[in-house]
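Visitor: Please take one part of this model and look at it closely. Keep it brisk, and follow the links outward from there.

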Amino acid sequence: KVEQDSLLLDKDQHECDSSVSTLPEDTSMSLHFAETDHEESSVTTEEHESIQFVLSQLTPDEIETAAFACYEYMKHPEVIKRQHYATRIILRYVRSKKNVTTALNKLKATLSFRKSMDIVGLVKSFDENSSGEYATPLQKQMASKKMYVQGYDKSGRSTLFFIPRLTQGHDSEWTLKEAVYSIERAIACSKSADGLINAVVDFSGFAVTKHAPPLDIAKQFLTTLRNHYAGQIHRIFLVDTPMTFSLFWRVVQPFIGSKTKAKIQFLSGSKKVKLSELYEEDQVPSWMLADGKKNLELDLDEYLLKIPFHCAFNE
């Protein structure tokens, strides 16, 4: 307990060993923060009108929930900036849907999901001033070290790693919460202009009978991904899938949205060299690229208790 408290006390003083830590204090939370403002400045007249319409249809509580979808606002909430931050997620939905009413309905569903999941509470699980409600079960769920954020592609997109062979059982509640925490952390870490992330799944050593989740849990996760996060993922790499994976794939494929499917690439053996088009060697482990240099084993206590949420492991 004393050691954990010490780590938490140091957490706010820790900076990412990256370009983020060299930014002025008011912009150090995320490199893509300023870039996103540039993106917002290119909003078309039609998009602006759609955003205003959506804002007019949201309750104050929904606007607050929308603003909290940005880690910058979650960390430093200021009422005067609430609508500005809320506009970011609104813009994403407006651009992803042709019809503004559809965008509004999809957005409302996501805001309801974020509220019911208490994503703010999850994200702040290991903060010094957190109630600690989620810290113990979440740390227990993540103890196998199967899911974490590490490394960036050449555009600054963070990488979320998932290693299914390290799975030690499935929990209908905390399997999803671990995934949501990890996705939210990857998004907060992203330094790219588009704010997107990559996901890399290492299927080496995967056995369907031993590591595949029950269908209901797999469906729950894939539905969550499709409905609430698909627009924030750049690429999904499924690496070294065994022949038996095809059985599992046929079962879960119907729950994967068409836009998500288009982002998935299967890479095995010599085909993994394609990853060098997206990644530098110092940003990936050697099982991704032969000369990969990011091979430090995950230190879970450091990752959860000392490294700030918006920083990846081993930066």
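Guide: Just after helix α7, Asp118 takes a positive phi of about 50 degrees. The model is a predicted one. Asp118 has this positive phi although it is not a glycine. The residue sits in the loop between α7 and α8. Its relative accessible area is 28%, so Asp118 counts as partly exposed.

Now the helix itself. α7 covers residues 100–117, which makes 18 residues. At 1.5 Å a residue, the expected span is 26 Å. The end C-alpha atoms are 25 Å apart, so the two values agree.

The N-terminal end of α7 has a cap, and Asn99 provides it. A side-chain oxygen of Asn99 lies 2.7 Å from the backbone nitrogen of Thr101.

Which residues of α7 are buried? They are Ala103, Leu104, Leu107, Thr110, Leu111, Phe113, Arg114 and Met117. An α-helix has 3.6 residues a turn, so residues three or four places apart point the same way. The buried residues of α7 pack against six helices, listed here with their residue ranges:

- α3 (45–57), α4 (60–67) and α6 (82–96)
- α8 (119–123), α10 (174–189) and α12 (215–229)

Take α12 from that list. This helix has 15 residues and an expected span of 21 Å at 1.5 Å a residue. Its end C-alpha atoms are 20 Å apart, which agrees. Buried in α12 are Ile217, Ala218, Leu222, Thr224, Leu225, His228 and Tyr229. Seen down the axis of α12, the buried residues fall within an arc of 165 degrees, so they line one face of the helix.

Next, a second non-glycine residue with a positive phi. Asp240 has a phi of about 55 degrees. Asp240 belongs to the loop between β4 and α13 (245–252). With a relative accessible area of 22%, Asp240 is partly exposed.

That loop leads back to β4, residues 233–239. The strand is mostly covered, with six of its seven residues buried. β3 (residues 197–202) runs parallel to β4, and six bridges join them. In this pairing, Ile197 stands opposite Ile233 of β4. β5 (residues 264–267) also runs parallel to β4, through four bridges. Here Phe237 has Gln265 of β5 as its bridge partner.

Another strand residue deserves a look. Thr159 is in β2, residues 158–162. How buried or exposed is Thr159? Its relative accessible area is 0%, so Thr159 is buried. Leaving aside neighbours within four places in sequence, Thr159 contacts Tyr148, Val149, Gln150, Gly151 and Tyr152. Its other contacts are Asn198, Val200 and Tyr279.

Last, the cysteines. A search of the whole structure finds zero disulfides. Cys189 is in none, and the nearest cysteine sulfur, that of Cys311, is 6.4 Å away. The cut-off for a disulfide is 2.5 Å between the sulfur atoms. Cys189 is buried, at 2% relative accessibility. Cys70 is buried as well, with a relative accessible area of 10%.

Terms used. Residues are numbered from 1 along each chain as its sequence is written. This is a predicted model: local features need pLDDT of at least 70, side-chain atom pairs count only at pLDDT 80 or more; totals for chains, interfaces and linings use all residues. Side-chain values use heavy atoms; hydrogens and water are left out. Buried means under 20% relative accessible area, exposed over 50%, partly exposed in between (1.4 Å probe, protein chains only). Helices (H or I, at least four residues) and strands (E, at least two) are DSSP runs, numbered from the N terminus. Two strands pair if DSSP finds at least two bridges between them. The expected span of a helix is 1.5 Å times one less than its number of residues. Contact means heavy atoms within 4.5 Å. A polar contact is a pair of N or O atoms within 3.5 Å; within protein, one must be able to donate a hydrogen and the other to accept it, and residues adjacent in sequence count only if both atoms are side-chain atoms. The arc is that of the directions from the helix axis to the C-beta atoms.
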